[in-house]
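Me: I am new to reading pockets and ligands. Can you take me through one model, step by step?

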Amino acid sequence: MLGETTDDDDGDDEQKAPQTAAGELADAIRTTLGPNGLDKMVVGENGTVIVTNDGSSIVEWMDITHPVGRLVEQAAAAQDSAVGDGTTTAVVLVGALLEEAARLRSDGLHPTTIIDGYGRAVETAVDRLEQCERDLRSRHDDRLTDIAKTAVTGRWDDASTDRFAELTLSALQAVEFDTSKLTLNSYPGGELRESACLDGVVVDLETSSTSLETLRDPTTRSHDNPTIAMVDAEIGIEAPNRIESVELQNATQRSAFQDHEQDRRTELVTQVTRSGATVLLCQKSIDEAVRTALAQRDVLPVERTRRDEFDVIARATGSTPVMSVDELTEDDTGSVESVTQCTVGTTQTLVLQGCPEEQRTSLLLRGGTPHVADEVRRIIADCIDVTRVALDDATYVPGGGAVPTALAMDLSPLSRGIPDRTQLVFDGFSAALEAIPRTLATNAGTDPLGTLTSIKQRHDNGTETVGVGPDGHPCDMTDAGILEPTIVFKTALQRAVAVVTQILRIDDVVQTSADDRTTDAGHDHAHTAAGGYPWAVGH
Ligand code: ADP
Ligand code: MG
């Protein structure tokens with residue numbers, strides 16, 4: 001497994017020094033950074049396999065046993081949930097900052113000096129970051145497409161990356177960036193390029209166990225300008241509540257009973273047709289005979305519509321769900337431009353397009369297998385997150401390590417002005433920042449030192465937007481459209497420093513069992529540290 005990266009690992013992962021454990025995690029993740037990062041195959045305990053180069057998924061799936069590794073894992077998870085990107089960057093920075101810290105400690109610096117120095121350096125770096133950022137002009141700024149693309153570069157091929165960004169932006173613009181009005185549906189079968197952005201609501205008839213009576217032609221069947229009625233209860237013949245069984249004595253009684261049932265069904269169908277409804281959505285089941293009768297009168301009955309979809313449809317079409325068909329009137333109905341039954345890949349769906357009351361958009365994502373379809377969905381979700389994050393802050397910076405290089409170059413001369421040993425810590429911090437461009441170059445197969453030197457030269461000559469291009473050579477990131485929300489790098493750096501500070505404060509990992517901690521049978525337990533030392537813990 002990935003956690004076991006050293007030869008001298010004797011299986012007891014928890015015996016490693018805190019710094020080593022975090023560094024090893026960073027080493028394992030480093031090769032996945034950037035557009036040329038390789039994938040990791042993560043094998044779960046029960047044999048499940050995922051192949052991905054998404055840092056957050058890898059860290060999440062890795063079986064991290066070392067408690068310090070878990071601190072890094074938590075920082076990566078926090079980065080992912082806050083901004084949806086920059087997790088690998090954060091982990092690589094943790095590794096580099098710890099490496100520099102180890103060097104500084106071997107030069108005789110105390111951890112607290114390093115912690116203070118890193119704290120001051122990150123503050124300065126974040127202040128300087130403002131000089132690198134540019135403003136987004138509007139929600140329709142073309143830069144947003146570049147930002148979405150950069151966020152998912154390397155996850156699929158280049159042509160698909162463009163398509164992901166394009167689909168994301170058109171879907172977001174259609175709902176005016178209100179993602180609560182956007183639904184992602186992924187379907188196995190078909191190809192990625194068949195994915196589409198649809199104006200309306202898509203009801204997945206399979207996962208919702210919704211069933212339709214009239215699937216005469218399963219490929220397409222469309223109702224134009226239908227009137228939508230919605231019933232929030234079961235539709236059928238009510239069972240008498242008090243009589244548990246009825247014994248029908250003779251044929252006359254039986255036929256009278258059947259007549260009653262038939263009359264009730266006719267009543268229900270008449271009530272529906274009288275309301276003008278041509279599509280009837282029911283949140284629960286519809287009596288089979290009623291369904292058939294409705295279908296014969298050209299009303300499309302849809303039963304067991306999932307609760308969330310039911311509510312969305314009610315809002316979007318302007319229908320008022322009623323609790324019983326008897327209450328249904330024309331006033332309760334709503335409308336859409338069309339309702340189409342169609343088969344997407346192998347899944348049957350009902351598509352309601354052109355909702356009058358609320359703009360709804362659905363992304364129909366396609367992928368050859370369920371695994372691919374799911375990955376496509378995750379990629380689109382990341383594109384959406386990163387676009388929203390960029391808009392929230394309305395600023396972006398060049399990617400490809402241009403920013404950490406610029407910051408490292410800014411910090412170096414500043415450190416000269418610091419009289420005490422913090423100067424060395426500032427230098428270490430700058431070197432750690434350079435880990436980003438160096439790693440991007442290494443992963444692209446170019447010489448990290450040579451690439452970094454020529455990038456720095458171009459920065460010195462005034463082009464601070466130069467970073468490591470997709471081919472591993474220096475290029476101007478703004479010209480190449482490799483852009484990221486400012487907040488992604490900013491928070492990755494801040495989180496990395498926070499977790500490194502935490503790790504530097506730890507000088508040993510003390511293993512204690514939960515039982516010992518919860519027992520109150522005495523205050524003098526002798527605990528054994530993971531390193532095998534007898535340890536007295538007072539509490
Ligand atoms: P993270 O989990 O940190 O987002 P990624 O594997 O997505 O890790 O890599 C992000 C890094 O790759 C960033 O520094 C970003 O600027 C850089 N990057 C993304 N796309 C490109 C590209 N097309 N060319 C060069 N660098 C890129
Ligand atoms: Mg990324």
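Me: How many nonpolar, polar and charged residues are in the shell around ligand 1?

Reply: Sort by residue type. Ala, Val, Leu, Ile, Met, Phe, Trp, Tyr, Cys and Pro count as nonpolar, Asp, Glu, Lys and Arg as charged, and the others, Gly among them, as polar. Here the shell has six nonpolar, eleven polar and two charged residues. Keep in mind that this is a predicted model: local features need pLDDT of at least 70, side-chain atom pairs count only at pLDDT 80 or more, and totals for chains, interfaces and linings use all residues. Residues are numbered from 1 along each chain as its sequence is written, chains are lettered from A and ligands numbered from 1 in the order in which they are written, and side-chain values use heavy atoms, with hydrogens and water left out.

Me: Which residues are closest to ligand 1?

Reply: A residue is near a molecule if one of its heavy atoms lies within 4 Å of it. In this model, 19 residues surround ligand 1, and the closest are D85, T88, T89, G400 and E484. Helix α4 (residues 87–106) gives the largest share of the shell, three residues. Helices are DSSP runs of H or I with at least four residues, strands are runs of E with at least two, and both are numbered from the N terminus.

Me: What polar backbone atom lies 2.6 Å from an oxygen atom of ligand 1?

Reply: Look for polar contacts, pairs of N or O atoms within 3.5 Å; within protein, one must be able to donate a hydrogen and the other to accept it, and residues adjacent in sequence count only if both atoms are side-chain atoms. The 2.6 Å partner belongs to G400. A backbone N or O atom of T87 is 3.3 Å from a ligand oxygen. For T32, the distance from a polar backbone atom to a ligand oxygen is 3.4 Å. Taken alone, ligand 1 exposes 570 Å², and the protein buries 92% of that (Shrake-Rupley method, 1.4 Å probe; for residues, only the protein chains shown count as cover).

Me: Where does ligand 1 sit?

Reply: Rolling a probe the size of a water molecule over the atoms shows where empty space is left. The search uses a 1 Å grid over the protein atoms alone: a cavity is a set of points where a 1.4 Å probe fits but cannot get out, a pocket is an open set with protein on both sides within 12 Å along at least five of seven lines, and lining residues have an atom within 4 Å of a point. Ligand 1 sits in the largest pocket (more than half of its atoms lie within 2 Å of the grid points). That pocket holds about 850 Å³ of space (grid points are joined across faces, edges and corners, and probe spheres set on them fill the volume). It has 42 lining residues, and G34, P35, T150, T153 and E484 are the closest to its centre. Helix α6 gives the most to this lining, with four residues.

Me: What lines the second largest cavity?

Reply: The lining includes V72, A75, R495 and A496. By class, seven are nonpolar, no residue is polar and one is charged. About 30 Å³ of space lies in this cavity.
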